[in-house]
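Me: I should like to learn how to read aromatic pairs and nonpolar cores in a structure. Could you take me through an example?

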Amino acid sequence: MRYPQGGGLTDAERAGRERVRLQAVASFEAGEKNREVAAALRVAGRSVERWRRQWREDGLAGVASKGSPGQPRLSDAQMHRLKRELDCGPLAHGWADQRWTLARVKTLIGRLFHISYTVEGTWRLLRRHGWSWQQPARRAIERDEDAVENVAAGGLAAGKSTAAVNNAWVVFEDEAGQSMTPPRARTWGRQGITPVVRVRGRGSGRVSMAGMTCYKPGEQSRLIYAIREYRGRKDEPKGFGWKDYRDLIIRAHIQLGGPIVLVWDNLRTHLVAPLREFFEANAAWLTVFQLPTYAPDLNPQEGVWPLVKCGIGNLAAADLRQVTRAVKRKLKMLQYRPETIDGCLAATGLTLNG
């Protein structure tokens with residue numbers, strides 16, 4: 001939602017309007033007509049008429065801006081407090097959900113400072129101080145923010161040091177799945193008529209994906225993956241087991257041609273005894289680090305899955321095999337785009353140096 005510009009302008013906006021008025025005065029003095037001035041300055045004809053009338057009555061002083069009637073009514077200290085209270089979230093102020101709306105911010109300003117703002121004025125106030133209408137990211141309540149902050153600030157230093165000493169690859173692993181129902185993707189359609197994507201409502205099955213983004217200073221980043229189909233048949237495994245992860249790690253070791261520092265999450269299958277025994281038996285080339293619980297934003301492989309699912313948006317698949325082909329094709333494309341894989345690492349805020 002956008003509101004028209006008006007009161008509460010920034011210094012740059014006020015200076016721009018003042019320049020337009022001065023240009024209009026210069027045009028009046030040159031004898032130009034109102035229609036010509038309005039076209040040249042791209043302003044409304046009525047504004048030019050008003051400025052000319054003020055110029056005739058009071059000269060340049062009459063045309064000069066009297067100042068914006070919408071100057072900020074909150075002091076710097078009050079604005080600082082408002083930002084702090086907004087950062088606490090709507091839950092801390094009695095609302096059941098976690099959405100800041102203009103009406104709620106307006107109400108909060110009234111509660112804190114006993115100052116009445118309009119909804120439009122609240123929008124301008126927030127925009128002026130660097131706030132915008134955004135789609136929030138979701139975080140699990142059980143997430144340990146201290147542990148996440150530790151990793152982001154260098155908590156993987158031991159793993160990076162191990163990789164540097166052993167000339168090893170740092171490998172991030174994660175899993176995802178895709179059913180017959182495709183992700184919804186934006187598409188063009190007639191205004192007022194919501195586009196309808198027809199997909200099969202019958203049929204079961206799921207495509208499981210396990211991927212590894214692999215990084216090493218001085219080397220081209222790599223993507224290694226494995227695919228498994230589940231068709232709902234009796235005794236058919238639904239996803240990856242510990243042996244599949246073991247085989248994927250071995251394959252990565254062979255393809256990368258060197259030691260590996262494996263970084264992954266706390267999935268139950270990752271913690272089973274057979275895998276721990278495998279790690280101990282191959283400690284010469286394999287070191288494993290666990291990410292904090294509920295911290296997908298620290299795993300670059302998590303950034304690969306949206307790219308894959310975006311590529312199959314609105315896919316009207318006839319069967320599970322077609323979904324599998326589409327997933328493989330997108331993953332294959334990403335393998336030839338190391339700059340995209342590098343971007344997934346940059347999005348986490350982690351670095352391989354230091």
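**Aromatic pairs and nonpolar cores**

Reply: Please note at the outset that this is a predicted model. A search of the whole structure finds 8 aromatic pairs.

Me: What is the arrangement of the rings of Trp95 and Trp100?

Reply: Planes over 60 degrees apart count as edge-to-face. The planes of Trp95 and Trp100 lie at 70°, with ring centres 5.6 Å apart, so this pair is edge-to-face. Both Trp95 and Trp100 are buried.

Me: Which parts of the chain does the pair of Tyr245 and Trp264 link?

Reply: Tyr245 and Trp264 are also an edge-to-face pair, at 6.0 Å centre to centre and 90° between the planes. Tyr245 belongs to helix H10 (residues 242-256) and Trp264 to strand S4 (residues 260-264), so that distant parts of the chain, 19 residues apart, are linked.

Me: Are Tyr245 and Trp264 buried or exposed?

Reply: Buried means under 20% relative accessible area. Tyr245 has 4%, and is therefore buried; Trp264, at 1%, is likewise buried. Ring pairs join these two residues with Phe240, Phe278, Phe279 and Trp285 in a cluster.

Me: How should I read the nonpolar cores, and which element gives the most to the largest one?

Reply: In soluble globular proteins, nonpolar side chains tend to be buried together. Here the largest nonpolar core has 31 residues; among those touching the most other members are Phe172, Met209 and Trp305. Strand S1 (169-179) and helix H12 (304-310) are among the elements that each supply at least two residues, while H13 gives the most, with 6 residues. A second, separate core of 21 residues includes Tyr245 and Trp264, along with Met212 and Ala226.

Definitions and conventions:
Residues are numbered from 1 along each chain as its sequence is written. This is a predicted model: local features need pLDDT of at least 70, side-chain atom pairs count only at pLDDT 80 or more; totals for chains, interfaces and linings use all residues. Side-chain values use heavy atoms; hydrogens and water are left out. Rings of Phe, Tyr and Trp (its six-membered ring) pair if their centres lie within 6.5 Å; planes under 30 degrees apart count as stacked, over 60 as edge-to-face and the rest as tilted. Buried means under 20% relative accessible area, exposed over 50%, partly exposed in between (1.4 Å probe, protein chains only). Helices (H or I, at least four residues) and strands (E, at least two) are DSSP runs, numbered from the N terminus. A nonpolar core is a set of buried Ala, Val, Leu, Ile, Met, Phe, Trp, Tyr and Cys residues joined through side-chain atoms within 4.5 Å.
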